[in-house]
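Welcome! Here are some exercises to work through with the model open beside you. Try each task yourself before you read the solution.

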Amino acid sequence: MYVTIVAKEYEKHPKYNGVELKVPATRETVQDAMERARVQWPGKYRMITFRDWPAFLRERLARMGADVREVSFLAGRIGQMDQEDLFRYEGLLSCVEAERGGQCSIKDLINASYSLEYFEFLPGIVRDTDLGENAVDGGLMQILDGLPDEVTALLNLSKVGACIRESEKGVFTKEGYCFRLREGWQEVYNGQKLPEKETEEEAVLSVRIGNREHPEEEGKWLTLPCDREGIDSVRRSLQAESAGQYRILEVRSIVPAFERHISPDEDIEVLNELAEKVDEMGTGELLKYKAVLEFDDWTGAERALWLTDRLECYSLDPKQVCYGDYGVECLEGCCVDCSDPAFRDFPFEEYGRRQYEKIGMKLTAYGSVFVNQMPELFQAGQDSRDQKMGGGPCQTM
């Protein structure tokens, strides 16, 4: 399931489309999506699309101003339901809304996912006639006990069903009939703090390592940064005594670029040092680092590590969303009135792109980045990491 996040500050911008986030997601992944969506302040955003959600939830979510973390949490709950649970859940929500005479809130949607056992769902019963027939055939109405079959056959099943529905305060959905079995409700979420179990933090960097000589094995996960014993323990469990005997099979990180660009042959020692550096970064510094990684188009953990100590050489403007805005900014800086009709068809986007290239600036997913101080040349493999199995070649700015 996915949600599209848009910053209210830019939602009417013709070149701005927001960011689509796959949910459920960790807090760090949600934060990254908010940064890419240019959400500057908490609450200054909204969700405009809910792709691949059940229709009955998509309609409800579109009407409410929920927090993206709440929606992500709800997605995790929905993902644990089978089709029968989903039918019951839809009916439950309709029952609750009928009882309360109003729409459910995101808090209600979350708590309802824990309260399925309080309601019964009868699939295929979608109208009063169906409900009446089910009651008569199943002998569910005590008032009918003892009546001859010829009398029962003359009953108006629609009215029987309506009587049952009204007495049970049940509701019909497209898939069946739902009613409350017993009183009660699981108030798991108080509207303030989501259960910790569902909001665990993502590791700075985790790698799944496998033995090259045993590709059929799943390998072992190593969470970085960690101490020497942690690394050696995983190596021993894989029976890989040297760096050349293992390879990285999978990467997970709070820095999305690591998952895309860390190669199978990277040196674990280098990755561990890289994870230590990233772990020490504050929120603003981490945002800048992710933008610089995209600006640099790096290859290899050595380069990514080198960049952690040179962030002061770069500047980030997270408010830039397109080249056209910068084109307008440049012209207005020269006292040009861009609102003049003469500029109605002016290619601001192309002009802004050229200005970006002219000064060496680049538009990343996190904003515009440019070099304000040329860092020294980068030379890989000059120290104890010469023995590493992978990484990028020598590069310069």
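**Exercise 1. In what order do the strands β2, β1 and β3 stand in their open sheet, and is the pairing parallel or antiparallel?**

Before starting, note that this is a predicted model, where local features need pLDDT of at least 70, side-chain atom pairs count only at pLDDT 80 or more, and totals for chains, interfaces and linings use all residues. Residues are numbered from 1 along each chain as its sequence is written, and side-chain values use heavy atoms, with hydrogens and water left out.

Step 1. Get the terms clear. Helices (H or I, at least four residues) and strands (E, at least two) are DSSP runs, numbered from the N terminus. Two strands pair if DSSP finds at least two bridges between them.

Step 2. Read off the order: the three strands form an open sheet, β2-β1-β3, with antiparallel pairing.

Step 3. Look at the edges. β2 (19–22) and β3 (45–49) each have a single partner strand, so one side of each is left without a neighbour in the sheet.

Step 4. Add the twist, which averages 40° from one strand to the next. Angles run from 0 to 180 degrees between N-to-C directions, and axes are lines fitted to C-alpha atoms, for helices over the stretch in contact.

Step 5. Check one pair: β1 (residues 2–7) and β2 are joined in the antiparallel sense over four bridges. Within this pair, Y2 has K22 of β2 as its bridge partner.

Step 6. Place the helix. Helix α1 (residues 27–36) packs on the sheet and touches β1, β2 and β3 (contact means heavy atoms within 4.5 Å), and its direction makes about 170° with that of β2.

**Exercise 2. Which residues touch the most other members of the largest nonpolar core?**

Step 1. Define the core. A nonpolar core is a set of buried Ala, Val, Leu, Ile, Met, Phe, Trp, Tyr and Cys residues joined through side-chain atoms within 4.5 Å. Buried means under 20% relative accessible area, exposed over 50%, and partly exposed in between (1.4 Å probe, protein chains only).

Step 2. Name the residues: of the 52 members, V3, I5, W53, Y89 and L109 touch the most others.

Step 3. Follow V3. Leaving aside neighbours within four places in sequence, the contacts of V3 include V19, L21, M47, F50 and W53.

Step 4. Find the other core, which lies apart and has 44 residues, among them V207, A240, V255 and V278.

Step 5. Recall the general idea: in soluble globular proteins, nonpolar side chains tend to be buried together.

**Exercise 3. Find two cis peptide bonds and two residues with positive phi.**

Step 1. Start with the background: most residues other than glycine have a negative phi, and most peptide bonds are trans.

Step 2. Go to V23 and P24, joined by a cis peptide bond with omega about 5°. P24 sits in the loop between β2 and α1.

Step 3. Now take the bond from L224 to P225, which is cis with omega near 0°. Here the loop is the one between β8 (220–224) and α9 (228–237), where P225 lies.

Step 4. Turn to R38, whose phi is positive, near 65°. R38 is in the loop between α1 and β3, and R38 counts as buried because its relative accessible area is 6%.

Step 5. Finish with D52, where phi is near 70°. The loop holding D52 runs between β3 and α2 (55–63).

**Exercise 4. Which residues of helix α14 are buried?**

Step 1. List them: in α14 (residues 323–333) they are Y323, G324, Y326, G327, C330 and L331.

Step 2. Look down the axis. The buried residues of α14 fall within an arc of 160°, so they line one face of the helix. The arc is that of the directions from the helix axis to the C-beta atoms.

Step 3. See what they meet: the buried residues of α14 pack against α15 (348–359) and β11 (362–364).

Step 4. Move past the helix to C335, which follows α14 and has a positive phi, near 65°.
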